[in-house]
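The following note is offered to a colleague who is meeting this structure for the first time. Please read its points alongside the sequence and the model.

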Amino acid sequence: MNSKTARLEELCTIKTGAPTSRAKKIAEGVEPKEVKVLLPRAMQGGSIIDEELAIEAVGEVKDENFTHEGDVVIKLSTPYDSVYIDDTHEGIMITSFGMVLRKKAEAELDMQYLSMFLNLPQTNSVLQAVSTGQSVAMAMLKRQTVADIEVPLLPLERQQQFASLFQSVQERKSQYARLIELDNELVTSQMTKSIWGEEE
């Protein structure tokens, strides 16, 4: 590796999310509130799938267990997806299936670049090699494993270029997925009309 590196713990604070059972306990006199919850299946390919977010009634949950813009959340079970939190995904509760990474003030780190790095197949392979569990499917990441990840510190401008590229790719993927969905709807509609003489 040509660039200098730093342990993730030197760059970010690392906090495991709130246990769901504890968050759902409503203490006497506490008004429950409905919140969006980031489930493991809602993290795919470096993005949050809004349709897979859950809604739960919770009691008192610390603010640190909700997403803030600029956070990176890493899933602790395979595949070890990580997502960058933009302004549209603030305020989602993180449960104990994930860890939230928050940049330290002095760190020369673009958090979207960090999310990209954590999602690389090479990084995923390293994490699988050092994770714990009875099988690959059940292998869980520990806090210290995440803390010890060596992050390549490219110049900040270069990190931002990668982050911008990643954002453009994610937007194109979303557009392509929507086009495929519309094409499928068109085919189904036309076949239904041709075969049965009616709209679906």
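Leaving aside its neighbours within four places in sequence, with which residues is threonine 145 in contact?

1. The model is a predicted one. Threonine 145 is found in helix 5. Apart from neighbours within four places in sequence, the residues in contact with threonine 145 are Leu127 and Val130. Threonine 145 has a relative accessible area of 17%; since buried means under 20%, this residue is therefore classed as buried.

2. Helix 5 (143-147) is also one of the elements that give two or more residues to the largest nonpolar core. That core has 26 residues, of which Leu101, Leu109, Leu114 and Val151 touch the most other members. The other elements giving two or more residues to this core are helix 1 (8-11), strand 2 (12-16), strand 7 (72-75), strand 10 (98-103) and helix 3 (111-119). Helix 3 gives the most, with five residues.

3. Leucine 114 deserves separate mention. When neighbours within four places in sequence are set aside, leucine 114 is in contact with Leu8, Cys12, Val72, Leu101, Leu109 and Val151. A second core, separate from the one above, consists of twelve residues, including Met43, Leu53, Ile92 and Val100.

4. Glycine 70 is placed in the loop between strand 6 and strand 7. Is this glycine buried or exposed? Its relative accessibility is 18%, so glycine 70 counts as buried. Its C-alpha atom is separated by 6.7 Å from that of tyrosine 84, although the two residues are 14 residues apart along the chain. Beyond its neighbours within four places in sequence, glycine 70 is in contact with Tyr84, Ile85 and Met111.

5. An open sheet is formed by three strands in the order 6-3-9, with mixed pairing. Strand 6 (54-58) and strand 9 (93-94) stand at the edges; each has a single partner strand, so one side of each is left without a neighbour in the sheet. Strand 3 (residues 33-38) and strand 9 run parallel and are joined by two bridges. Opposite leucine 38 stands isoleucine 94 of strand 9. In general, the strands of a sheet pair through backbone hydrogen bonds, in either a parallel or an antiparallel manner.

6. A final point concerns the surface. Which residues make the nonpolar surface patch of about 470 Å²? The patch is made by Val187, Met191, Ile195 and Trp196. Of these residues, methionine 191 has its place in helix 6 (residues 156-196).

Methods. Residues numbered from 1 in each chain as written. Predicted model: local features only at pLDDT ≥ 70, side-chain atom pairs only at ≥ 80, totals over all residues. Heavy atoms only, no water. Pairing = 2+ DSSP bridges. Helix = DSSP H or I, 4+ residues; strand = E, 2+ residues; numbered from the N terminus. Patch = residues over 30% accessible without salt bridge, like charges linked within 9 Å, V, L, I, M, F, W, Y side chains within 5 Å. Areas by Shrake-Rupley, 256 points an atom, 1.4 Å probe, with all protein chains shown as cover. Salt bridge = Lys/Arg side-chain N within 4 Å of Asp/Glu carboxyl O. Core = buried A, V, L, I, M, F, W, Y, C linked by side-chain atoms within 4.5 Å. Buried < 20%, exposed > 50% of the residue type's maximum accessible area, 1.4 Å probe, protein only. Contact = heavy atoms within 4.5 Å.
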